[in-house]
Amino acid sequence: MTALSREQLIERLVDHQRHPRHRGAMPDADITVGAGNPGCGDVVSVSVKIAPDGDRVEAATFEGSGCTISQGAASILLQEINRTHPSLSAVRGLTLEAHLDLVGRDVVGFRERCAAVALDALQGAVKAIEVERKLVAAGYSPDEARRMRLRAQSPDRRDP
């Protein structure tokens, strides 16, 4: 792939913000996790569906609001995830540096936290899936494990 110029990176980011890919609710998601950047109000929730083999992302979508960088970066990240269907361990291993390279480090500049919101949500979703699996392996039913995870994520939340 040919490296994009700074102008092309800006155009791509703006296009993804204006015409987001993989944006919307996923009713059959295995999990949805949100993340935010309190410094500027960016919010992104990522929904993940795990492939039948249990080790790969089959599909992922996002919903959110915020600046061009946060929403464009979310679209770029989810486009890549849906193109490559990475393993859960690969998602867990994604670095901020690699994500900034994907989005365009030059374009993001000092607003790395804005660009990282979707990555935080995606990795949070994978971690939550792994926590549920460990609880099931420890003898809890899948429903009990899910309720325990939800309580841990939101202490004020009542059992569903």
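In this predicted model, Arg21 is partly exposed, because its relative accessibility is 26%. Arg21 forms a salt bridge with Asp15. The closest N and O atoms of this pair are 2.6 Å apart. Asp15 is also given a relative accessibility, 30%, and therefore counts as partly exposed. Partly exposed here covers the range between 20% and 50%.

The Arg21–Asp15 pair is one of nine salt bridges in the structure. Another joins the side chains of Glu130 and Arg92, with an N to O distance of 2.1 Å. Glu130 belongs to helix α6, whereas Arg92 belongs to helix α3, residues 88–93. The two partners are 38 residues apart in sequence, so the salt bridge ties together separate parts of the chain. Arg92 has a relative accessible area of 39% and is therefore partly exposed.

Glu97 and Arg105 form a further salt bridge through their side chains. Here the N to O distance is 2.9 Å. Glu97 has 42% relative accessibility, so this residue counts as partly exposed. Arg105, at 33%, is likewise assigned to the partly exposed class. The pair does not stand alone: Glu97, Asp101 and Arg105 are linked in a network of salt bridges.

Helix packing was examined next. Two packed helices are described by the angle between their axes and the distance between the axes. Helix α4 spans residues 96–103. The axes of α4 and α6 come within 10 Å and cross at roughly 105 degrees. Helix α4 is therefore roughly perpendicular to α6, because angles of 65 to 115 degrees fall in that class. On the α4 side, the contact is made by Leu96, His99 and Leu100. On the α6 side, the contributors are Glu112, Ala115, Ala116 and Leu119. Sorted by class, the residues of this contact are five nonpolar, one polar and one charged.

Helix α6 also packs against helix α2. Helix α2 covers residues 68–84, and α6 covers residues 112–137. Their axes lie 7 Å apart, at an angle of about 40 degrees. The two helices are therefore oblique to each other. The crossing of α2 past α6 is right-handed. Helix α2 brings Ile69, Ser70, Ala73, Ala74, Leu77 and Ile81 to the contact. Helix α6 supplies Cys114, Ala115, Ala118, Leu119 and Leu122. Of the residues in the contact of α2 with α6, 10 are nonpolar and one is polar. None is charged. Ala115 and Leu119 of α6 take part in the contact with α2, and Ala115 and Leu119 also take part in the contact with α4.

Arg56 was considered separately. Arg56 sits in the loop between strands β2 (42–50) and β3 (57–65). The relative accessible area of Arg56 is 37%, so the residue is partly exposed. Neighbours within four places in sequence were left aside in listing the contacts of Arg56. The remaining contacts are with Lys49, Ile50, Ala51, His85, Pro86 and Ser87. Pro20 provides a reference point for the position of Arg56. Arg56 and Pro20 are 36 residues apart in sequence. In space, their C-alpha atoms are 23 Å apart.

How values were computed: Residues are numbered from 1 along each chain as its sequence is written. This is a predicted model: local features need pLDDT of at least 70, side-chain atom pairs count only at pLDDT 80 or more; totals for chains, interfaces and linings use all residues. Side-chain values use heavy atoms; hydrogens and water are left out. Axes are lines fitted to C-alpha atoms, for helices over the stretch in contact, and angles run from 0 to 180 degrees between N-to-C directions. Helices (H or I, at least four residues) and strands (E, at least two) are DSSP runs, numbered from the N terminus. Angles under 35 degrees count as roughly parallel, over 145 as roughly antiparallel, 65 to 115 as roughly perpendicular and the rest as oblique. A crossing is left-handed if the near helix is turned anticlockwise from the far one by less than a right angle, and right-handed if clockwise. Contact means heavy atoms within 4.5 Å. Ala, Val, Leu, Ile, Met, Phe, Trp, Tyr, Cys and Pro count as nonpolar, Asp, Glu, Lys and Arg as charged, and the others, Gly among them, as polar. A salt bridge is a side-chain nitrogen of Lys or Arg within 4 Å of a carboxyl oxygen of Asp or Glu. Buried means under 20% relative accessible area, exposed over 50%, partly exposed in between (1.4 Å probe, protein chains only).
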